[in-house]
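Let's take a friendly walk through this model, one region at a time.

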Amino acid sequence: MAVDLSKYRNIGIFAHVDAGKTTTTERILKLTGKIHKTGEVHDGAATTDFMDQEQERGITIQSAATTCFWDDHRFNIIDTPGHVDFTIEVYRSLKVLDGGVGVFCGSGGVEPQSETNWRYANESKVARVIFVNKLDRIGADFYRVIDQVETVLAAKPLVMTLPIGTEDDFAGVVDLLTEKAWVWDGTGLPENYEIQDIPADMVDKCKKFRNDMIETAVEQDDDVMEAYLEGNMPDIDTIKRCIRKGTIALDFFPTFCGSAFKNKGVQNVLNGVVDYLPSPTEVPPQPITDLDGEETGEVALVSTDEPFRALAFKIMDDQYGALTFTRVYSGVLNKGDTLLNTFTGKTERIGRIVEMHADSREERDSAQAGDIVALVGLKNVQTGHTLCDPKHPGTLEPMVFPAPVISIAVEPIDKANAEKLGVAIGKMVKEDPSFHVETDLDSGETILKGMGELHLDIKVDILKRTHGCEVTVGAPQVAYRETITNRIEDSYTHKKQSGGSGQFAKLDYVIEPLPEDSEEENFEFESKVVGGNVPREYWPAVDKGFRRSMEKGVLAGFPMLNVKITLVDGGFHAVDSSAVAFEIAAKAAYRQSIPKAGAQILEPIMKIDVFTPDDNVGDVIGDLNRRRGMITSQDTTPTGIRVKAEAPLFDMFGYIGDLRTMTSGRGQFSMEFERYAPCPKNVEAEIIKKAEAERLAKQK
């Protein structure tokens, strides 16, 4: 059955923590008839926040997908988390969306996390409309938020509605396009509104904003602009067409206002999504790459006539098995089809296709270009994998995820829990690509690695509650790295004679730090040997020996970064030399030379964004200084001060508790990895001492 793709809208709702994304999603579901009783976040009853951890903390952790209809258009909506530890969820959701709704708090304005999410949306080239929410709150100011969108996000808001009254007097909105006021009564029901004339005291202001809107819109079409300059006012359909064109081109962002909690102004946002956000066919098609990530020149055209191609963007486990959330870019998928996973090279048979409504589902027999569906029971598919027609293989652009910066050790309390732990962790790693797990071979401990304290805190919570696995948790550990600072030339000869054939390998080499503009991140190996002193077939063994050694530094055993090794000469023996001998020689050469090359420890430096009330700013800055923080900027906002800083991750442990104490619970902060930087000598000495103590403890 052919479906009209122009009626599809794949949208995400994203914003800072507490700006009201989930509440807005709830209102949309209520208005579109998907749910009959609205759930509230603060009661732990929101439809899309269905994890225990989400309901208790009142935050969204996993992006939830749901489908609904408005004005005969089909909306596939993804409600994303706002907390910085889960930006990976936002990032991968944006990869598969065509449009978004950026929600800003009317009193908080453009907050740290809104900036990060806005940046991600810019990188993914996602068209957006803006919804300034919570205009019923104390301190709400729509016009101030508009200014912040321009100054902080460097974006152009195109104002489509103006608020009638603010704070407790907020009654409704003026639709500038139709020049009519939508006024809701006091019942809180979204359908109880009247369309009236613009209030007399707002007529001049509305005229000014409407003229600004039209002038910006007509710039999108030369003919319309010419007619407008000659005094011909364009009709509403023409203005809408121009606004749509500019929105899809990311020239500006239609901006609406309201209060999702009080059910005021949400319909206008839905109409804006239909009128201005692109359908799947109006966004640039996804490029197709080969397995190395190089573009082949082909694209996945959004059409049911093309070969099938889809991207798995999220794995979720529930009581019915693994769900793979999939965005279909081209072609048609039917139940029972066999697809190729280009990453693993294996095929998967599609048993069930379901349409998600948060945590309930509806069975479907097929899915097609433009759809977002969940596939049940796929075995080897992970986030970012491409599923395609086996006869027409092609990879959609793979997703790149940042490396984790913090780790904790967990240990099951008994044997029964040890078995549960293995199964649970297997499922959790599949669900979240920013969550890594490894086993420490010396101690047998399971090490969990993640993006921040909250991230790991919630992972442990999920282990205990969702999977019923009791574990003891060690103190958080920082992911330190080691590097070198000097260039040295050195030589090493490996000789071993013990009856029968011996081993012989001689290496002359240069070890030096990688230049800063190098494309290689951690390690580069080059051979400049001429004349066959080290035969070419042994070069890969030398590379392998050094590369494997890089996993453990010489100071405290952390992985090495930014090292270049050049093999300049050497020697071999016609009988006793082998690839193994050269690999052993490289490992020994590494241990011999790295300490001479000025080895040092690097620590992760975090970018920190703190919001604090005016009264506490001195305490907050003093505390950041004590944590070896460097203050980079201080901005006054209408509700407090925003302090940006950089500080080592180690000194930021437990910061949220201290910040809440200092600011009586009003402070907020977000933190993300910035770069690795050398440790001060006293800190380095402590790290080495601790690593040595741990090594001795393991030997006992």
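Leaving aside neighbours within four places in sequence, Leu448 is in contact (heavy atoms within 4.5 Å) with Ile406, Ser407, Ile408, Val410, Ile425, Phe435, His436, Val437, Leu456, Val460 and Leu463. This is a predicted model, where local features need pLDDT of at least 70 and side-chain atom pairs count only at pLDDT 80 or more, while totals for chains, interfaces and linings use all residues. Residues are numbered from 1 along each chain as its sequence is written, and side-chain values use heavy atoms, with hydrogens and water left out.

Leu448 is also among the residues with the most contacts inside the largest nonpolar core, together with Leu463, Val610, Leu624 and Leu649. A nonpolar core is a set of buried Ala, Val, Leu, Ile, Met, Phe, Trp, Tyr and Cys residues joined through side-chain atoms within 4.5 Å; this one has 44 residues. Helix α11 (453–465) gives the most to this core, with 6 residues.

Now turn to helices α6 (residues 203–218) and α7, whose axes are 8 Å apart at an angle of about 135 degrees. The two helices are therefore oblique to each other, a word for angles outside the ranges under 35 (roughly parallel), 65 to 115 (roughly perpendicular) and over 145 degrees (roughly antiparallel). Asn211, Ile214, Glu215 and Val218 of α6 meet Val224, Met225 and Tyr228 of α7 in this contact.

At the start of α7 (residues 222–229), a side-chain oxygen of Asp221 comes to within 3.0 Å of the backbone nitrogen of Asp223. After α7 comes Gly231, with a positive phi near 100 degrees.

Finally, look at Asn133 in strand β5 (residues 127–133). Asn133 counts as buried (under 20% relative accessible area, 1.4 Å probe, protein chains only) because its relative accessibility is 2%. The Asn133 side chain reaches the backbone nitrogen of Ala260 at 2.8 Å.

Methods:
Polar contact = N/O pair within 3.5 Å; in protein donor to acceptor, adjacent residues only side chain to side chain. Helix = DSSP H or I, 4+ residues; strand = E, 2+ residues; numbered from the N terminus. Buried < 20%, exposed > 50% of the residue type's maximum accessible area, 1.4 Å probe, protein only. Axes fitted to C-alpha atoms, helices over the stretch in contact; angles between N-to-C directions.
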